[in-house]
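Me: I am new to this structure and would like to understand how its parts fit together. Might we work through it by question and answer?

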Amino acid sequence: RYTLLLVGKDQELRLNTWDALYGGRVKAGTPFKWKPGTWYTMKITASPDGKVKGKVWERDAKEPEMWTLELTDPIPNK
């Protein structure tokens, strides 16, 4: 129940909960400038302890070891 979004007008990567509240219960964001006409791979993972991580990289590049964005949900969906 989490989303990893590339927000075009803000050039930002966002990670938030997927629920009825605007923007979600918890959220994190970081600037992420991408190139028009370039494909990207996105990966998200969530664990029962509330740790949520996401990363983005150019499709033909090697997957980065580090996560681009992380957050901890104090009330995780187990």
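Reply: The questions below go through the sheets first and then through individual residues; the model is a predicted one.

Me: In what order do the three strands of the open sheet that contains strand 1 lie?
Reply: This sheet is open and has three strands, with antiparallel pairing. Strand 1 (2-7) and strand 3 (27-31) have a single partner strand each, so one side of each is left without a neighbour in the sheet. From one strand to the next the twist averages 15 degrees. The order is 1-2-3.

Me: How many bridges join strand 1 to strand 2, and which residue in strand 2 stands opposite Val 7?
Reply: Strand 1 and strand 2 (residues 12-17) run antiparallel, and the number of bridges joining them is six. In this pairing, the residue of strand 2 that stands opposite Val 7 is Glu 12.

Me: Which residue in the loop between strand 1 and strand 2 has a positive phi although it is not a glycine?
Reply: Most residues other than glycine have a negative phi. The residue in question has a positive phi of about 50 degrees. Its place is the loop between strand 1 and strand 2, and it is Gln 11.

Me: What is the order of the open sheet that contains strand 4, and which are its edge strands?
Reply: This open sheet has three strands in the order 4-5-6, paired in the antiparallel sense. The twist from one strand to the next averages 10 degrees. Two strands pair on one side only, and these edge strands are strand 4 and strand 6.

Me: Which residue in strand 5 stands opposite Met 42?
Reply: Strand 4 (residues 40-46) runs antiparallel to strand 5, and seven bridges join them. Opposite Met 42, the residue in strand 5 is Val 56.

Me: Which residue takes a positive phi in the hairpin of strand 4 and strand 5?
Reply: Four residues lie between the two strands of this hairpin. The positive phi, near 95 degrees, belongs to Gly 50.

Me: Which residue in strand 6 stands opposite Lys 51?
Reply: Strand 5 and strand 6 pair over four bridges in the antiparallel sense. One of the opposite pairs joins Gly 54 to Leu 69 in strand 6. For Lys 51, the residue opposite in strand 6 is Thr 72.

Me: Which residues make up the uncovered face of strand 6?
Reply: Strand 6 spans residues 69-72 and has two faces. Leu 69 and Leu 71 belong to the covered face. The uncovered face consists of Glu 70 and Thr 72.

Me: What kind of aromatic pair do Phe 32 and Tyr 40 form?
Reply: The whole structure holds two aromatic pairs. In the pair of Phe 32 and Tyr 40, the ring centres lie 6.1 Å apart and the planes make an angle of 75 degrees. Planes over 60 degrees apart count as edge-to-face. The pair is therefore edge-to-face.

Me: Which residues form the aromatic cluster, and are Phe 32 and Tyr 40 buried or exposed?
Reply: The cluster is formed by Phe 32, Trp 34 and Tyr 40. Burial requires a relative accessible area under 20%. Phe 32 has 14% relative accessibility, and Tyr 40 has a relative accessible area of 19%. Phe 32 and Tyr 40 are therefore both buried.

Me: Is Lys 55 buried or exposed?
Reply: Lys 55 lies in strand 5 (residues 51-58). Beyond its neighbours within four places in sequence, Lys 55 is in contact with residues including Leu 4, Thr 41, Met 42 and Thr 68. Its relative accessibility is 4%. Under 20% counts as buried, so Lys 55 is buried.

Me: Over the face of which residue does Lys 55 lie?
Reply: The side chain of Lys 55 makes a polar contact of 2.9 Å with the side chain of Glu 63. The Lys 55 side chain also reaches the backbone oxygen of Pro 64 at 2.7 Å. The ring over which Lys 55 lies, at 4.4 Å from the ring centre, is that of Trp 67.

Me: What distance separates the C-alpha atoms of Trp 57 and Thr 41?
Reply: Trp 57 lies in strand 5 and is buried, with a relative accessible area of 11%. Not counting residues up to four places away in sequence, Trp 57 touches Thr 41, Lys 62 and Pro 64, among others. Trp 57 and Thr 41 are 16 residues apart along the chain, and their C-alpha atoms are separated by 5.5 Å.

Conventions. Residues are numbered from 1 along each chain as its sequence is written. This is a predicted model: local features need pLDDT of at least 70, side-chain atom pairs count only at pLDDT 80 or more; totals for chains, interfaces and linings use all residues. Side-chain values use heavy atoms; hydrogens and water are left out. Two strands pair if DSSP finds at least two bridges between them. Axes are lines fitted to C-alpha atoms, for helices over the stretch in contact, and angles run from 0 to 180 degrees between N-to-C directions. Rings of Phe, Tyr and Trp (its six-membered ring) pair if their centres lie within 6.5 Å; planes under 30 degrees apart count as stacked, over 60 as edge-to-face and the rest as tilted. Buried means under 20% relative accessible area, exposed over 50%, partly exposed in between (1.4 Å probe, protein chains only). A charge sits over a ring if NZ of Lys or CZ of Arg is within 6 Å of the ring centre and within 35 degrees of the ring normal. A polar contact is a pair of N or O atoms within 3.5 Å; within protein, one must be able to donate a hydrogen and the other to accept it, and residues adjacent in sequence count only if both atoms are side-chain atoms. Contact means heavy atoms within 4.5 Å.
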